[in-house]
Amino acid sequence: MVVIPTVTGLSTGARLLSVPRTIATAARASPSSLPSLCYLKKSYYSPQRRSVLPARKLVIRAARTESKGVSLGFRAPNFELTEPLTGKVWNLDDFEAYPALLVMFICNHCPFVIHLKKDIVKLSNFYMKKGLAVVAISSNSVVTHPQDGPEFMAEDAKFFKYPFPYLYDESQEVARDFGAVCTPEFFLFKKDGRRPFELVYHGQFDDSRPSNNVPVTGRDLSLAIDCVLSGQPVSSTQKPSIGCSIKWNPGGKQ
């Protein structure tokens with residue numbers, strides 16, 4: 001009999017699963033023997049993606065903020081934002097035909113985002129081919145952080161070859177509507193027929209952080225996407241994303 005691992009409480013450490021001893025023993029012998037709650041024919045995450053990073057001393061001193069305060073089942077709010085790279089205006093209706101939508105709040109300068117950028121692109125490329133819609137939004141104040149302004153967003157999108165639109169939330173109203181507080185922050189919505197997009201995952205990319213030497217795998221987010229695209233429920237126990245706080249306009253409403 002196979003025992004399914006359960007997700008532990010929200011913590012910022014590297015421990016995600018509380019695995020029964022019988023499975024843990026088998027997993028040490030064969031990492032791929034660990035069962036997943038959701039399956040696609042080919043998933044982005046697999047234990048084989050993990051690699052051992054060389055020892056390094058890297059200290060990131062950016063203040064940490066956790067994603068929180070948004071309830072699962074929350075309906076995706078409408079938005080109308082410009083993509084600096086192309087000048088195109090995007091809104092929620094542009095993604096109406098897709099079964100799932102990933103909305104990411106990111107920016108140019110945050111070390112937590114920089115740490116994941118290449119892997120965010122890889123994960124997005126992988127799942128967009130399977131029917132996932134993806135959009136990224138930057139809501140940071142250009143008053144306090146001009147390096148996050150639209151002209152630099154366009155350069156970033158071009159340099160990293162973002163396969164998704166990277167939109168500028170100048171008024172910061174979209175961030176407030178979503179309840180976003182940090183970068184990176186991930187909102188995964190599913191859509192059943194003509195019903196509105198509903199939030200099913202609001203958690204971390206994986207356990208990796210800029211200074212903890214844990215390899216980037218995209219495990220947490222990819223397993224949630226696998227569940228949505230395969231029509232299976234997503235666990236409601238989710239570890240929050242951790243990153244830099246959104247940089248609000250001075251004197252503005254937060």
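Okay, so before anything else, what I mean by a cavity: on a 1 Å grid over the protein atoms alone, it's a set of points where a 1.4 Å probe fits but cannot get out. And keep in mind that what we're looking at is a predicted model.

So how many cavities of 30 Å³ or more does that rule give us? Two.

Let's take the largest one. Its volume comes to about 80 Å³. Thirteen residues line it, and the ones nearest the centre are Leu116, Pro184, Ser208, Arg209 and Ile242. If you sort that lining by class, you get seven nonpolar residues, four polar and two charged.

Now hang on to Ile242, one of those residues nearest the centre of the largest cavity, as we'll meet it again in the sheet. Ile242 sits in strand β12, and what stands opposite is Glu66. Strand β12 covers residues 242-245, and two bridges tie it to β3, with the two running antiparallel.

Stepping back to the whole sheet: it's an open one, three strands in the order β3-β12-β9, with antiparallel pairing. Which strands are at the edges? Those are β3, at 65-66, and β9, at 182-183, each pairing on one side only.

Right, on to the other cavity. The second largest has a volume of about 30 Å³. Its lining is Lys190, Lys191, Asp192, Arg195, Pro196 and Glu198. By class, that's five charged residues, one nonpolar and no polar ones. For the largest cavity, remember, the lining had two charged residues and seven nonpolar.

That's my tour, so have a look at Ile242 on the screen, lining the largest cavity and facing Glu66 from β12.

Key: Residues are numbered from 1 along each chain as its sequence is written. This is a predicted model: local features need pLDDT of at least 70, side-chain atom pairs count only at pLDDT 80 or more; totals for chains, interfaces and linings use all residues. Side-chain values use heavy atoms; hydrogens and water are left out. Two strands pair if DSSP finds at least two bridges between them. Helices (H or I, at least four residues) and strands (E, at least two) are DSSP runs, numbered from the N terminus. On a 1 Å grid over the protein atoms alone, a cavity is a set of points where a 1.4 Å probe fits but cannot get out, and a pocket is an open set with protein on both sides within 12 Å along at least five of seven lines; lining residues have an atom within 4 Å of a point. Grid points are joined across faces, edges and corners, and a volume is the space filled by probe spheres set on the points. Ala, Val, Leu, Ile, Met, Phe, Trp, Tyr, Cys and Pro count as nonpolar, Asp, Glu, Lys and Arg as charged, and the others, Gly among them, as polar.
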